[in-house]
Amino acid sequence: MQTSSYERKEGHSSRQRSSSPEDRYAERERSLSPAERNYSDHKRYDLERSKSRHYTDRNEDKWEKQREKPRKERERDYDERKSRRSSSPKKNEERAAPPSSIDSSEPPAKKKKDDLDPILTRTGGAYIPPAKLRMMQQQITDKSSLAYQRMSWEALKKSINGLVNKVNVSNIGNIIHELLQENIVRGRGQLARSLLQAQGASPIFTHVYAAVVAIINSKFPNIGELILKRLILNFRKGYRRNDKTICLTASKFIAHLMNQNVAHEVLALEMLTLLLERPTDDSVEVAIGFLKECGLKLTQVTPRGVNAIFDRLRNVLHESEIDKRVQYMIEVMFAVRKDGFKDHPIIPEGLDLVEEDEQFTHMLPLEDDYNGEDILNIFKMDPNFLENEEKYKVLKKEILDEGDSDSENDQAAGSSDEDSDEEEDEEDDQGEKVTIHDKTEINLVSFRRTIYLAIQSSLDFEECAHKLLKMEFPESQTKELCNMILDCCAQQRTYEKFFGLLAGRFCMLKKEYMEAFEDIFKEQYDTIHRLETNKLRNVAKMFAHLLYTDSVPWSVLECISLSEETTTSSSRIFVKIFFQELCEYMGLPKLNARLKDETLQVFFEGLLPRDNPRNTRFAINFFTSIGLGGLTDELREHLKNAPKMIMTQKQDVESSDSSSASSSFSDSDNSDSESRSSSSSTDSDSSSNSDASKEKRNRYQRKKKSKKTHKASSRKQASKRKEPEKKTERRRHRSSSDSRRKSGKSKRHSDYGLHPKMSHHSSLISC
């Protein structure tokens, strides 16, 4: 069916009027050429992008990442999105709604985040002015609640930071007073952190911060120990990381703490030894900076240690393996030492605020494992918050003497009558003084600690004796000093001659020390069973050295008694090691001569017993078993002659008894004769009878003598008769033995006949 052009135009116009704008836009696209269509595509894309609000830069990045994903991952993501859409039909309906409805509706309200209290956040939240912070604290009724503790912690932290940053030489006293007003026991971690940060930021004020630490350490030694531990950890961390700045700041702080007697000089020597063990440019530079700060103190305390460090620096300089700049620094260091460290004093003027008696020195080696206790820097709720605060208030009053200052103010404001009353009260108090005895032995423990540190930090016994004598301790502590020397010797793994020489030097100086060591020897021997074998050996060797050098008299051996009942296994081991060490020192002949000294025999009666043969035999066996049998020669002779001596003693006793009996008999005869002479007439008959009895006794004795002589003569005659018989018997025996040998018969006893003894017996019978 053909249509005219007019009808086509009319139909086209009618379609355009009847169709919607979208249909007309599609028909227009079909009628455009390809070039025009491409242009229109770009235009439409820009139009759609400007209208739509869903395409953003984030979505474009997202789609680019999705294009780069492999096929399987894209399929998985598509399935997940599809499942989400199916699970939320309401969202799909909202997305499918026309834009007119979206534009007409109000924008959805945003969800409000939960309001957090800035006080309870980790960093404390926003800045709160101090006045407002105090007002908030006053509004809280529960003083032990978490919010109140957190607010007080924030106030404490800000106060400590502010005071540390303000400190200098002129106001250090006021700053310390204000610091002690705060609870630095609770905030000790924050105080240590603030001091280390301030010193790291401005190392030129290190001597000021060291003075602050010294004052706090005199009142709170645990805070000083915490700061020193963190400094050691920082130095070790910087040394491992080759961080020169950390090593320089930490070593400088440690040097000034050593000058203030907070750190021990052993730590300084260990650090210098570590830095110069494998020298590099940085390590030598750190060592020289450290040595400049504390060189004068080390020269006074340990001159030999400083000499060893400078010898090592000289070797490093001669090896010339380091940079010339560092070599020049070493030469400058030697020049500073030659000038006596005049530009580097131990404590600058105005910072010597702590007396030596009040200072507490920490002995912390460099290589030990330490805990920095970083948890103390962070807030933590305290269940006993109020109790701890009250305890610190009491402690603060004791330190700052607030009670004394208040009483002085009251006295100044009072009248004269009140002053007189107070004077009377004070007199009453003085009349009723109460003596307080310290049974906690804190002073004794601190005294022993100082002695131990002095012994351990000395290179030889002369230096140690000089340090100990310089302490000027009271005479009541003399025995405690000797006990401490012995305890330090006993604690060593092996015996060191250092302690014997040190004890000998003290014994030579004063008689009191010698008497103290005599008493200690007796006490140690009585309680020797309490010591371990190693300690027992060291104690025995030390006392052997004292006896060899005659620092202690040999009369101390009076307490030793060698017997099976009076000795134990420990005491026998002690005596064994003691005498073996003496024998090594003196030699056996000299030791034997000393034990035979007549002037000392009174003191050796228990050591070489002669009272009982059993004890003597025990002593001989003991010394022989330990290889010192040469000391028992006199004991052996005494043991051999003991029976003879016993017999002579018995004879002496019998002779004394017989002499007493004879004297009694003679006295009785004299009395009889006198009685006879006085009464001769009346007793004539009795005298004649007595003469007759005497004659009878004499006859009887003569008969006995004659019998004895007759028996002796008969024995001689019998022996003469027996001699020829014996000879004939011997001849027979010889002839019979010869005949048996010739015949070769095996039976010998059958041809013997009678035995010579039997034949002799038969001959006697026949006679």
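**Helix packing and a buried lysine**

The axes of helix H10 and helix H19 (residues 385-400) approach within 10 Å and cross at roughly 155 degrees, where axes are lines fitted to C-alpha atoms, for helices over the stretch in contact, and angles run from 0 to 180 degrees between N-to-C directions. H10 is therefore roughly antiparallel to H19 (angles over 145 degrees count as such). On the H10 side, the contact (heavy atoms within 4.5 Å) is made by His177, Leu179, Leu180 and Gln181, and on the H19 side by Tyr392, Lys396, Ile399 and Leu400. The model is a predicted one, in which local features need pLDDT of at least 70 and side-chain atom pairs count only at pLDDT 80 or more, while totals for chains, interfaces and linings use all residues. Residues are numbered from 1 along each chain as its sequence is written, and side-chain values use heavy atoms, with hydrogens and water left out.

Helix H12 (residues 206-219) is next; helices here are DSSP runs (H or I) of at least four residues, numbered from the N terminus. Its 14 residues reach 20 Å from first C-alpha to last, close to the 20 Å expected at 1.5 Å a residue (1.5 Å times one less than the number of residues). Twelve of the 14 residues of H12 are buried, so this helix is largely enclosed by the rest of the structure; buried means under 20% relative accessible area, with a 1.4 Å probe and protein chains only. The buried residues include Tyr209, Asn217 and Ser218, and their cover includes helices H9, H10, H11, H13 and H14.

Lysine 467, in helix H23 (residues 461-470), counts as buried at 16% relative accessibility. Not counting residues up to four places away in sequence, lysine 467 touches Glu265, Val301, Thr302, Ala454, Ser457 and Ser458.

Key: Helices (H or I, at least four residues) and strands (E, at least two) are DSSP runs, numbered from the N terminus. Buried means under 20% relative accessible area, exposed over 50%, partly exposed in between (1.4 Å probe, protein chains only). Angles under 35 degrees count as roughly parallel, over 145 as roughly antiparallel, 65 to 115 as roughly perpendicular and the rest as oblique.
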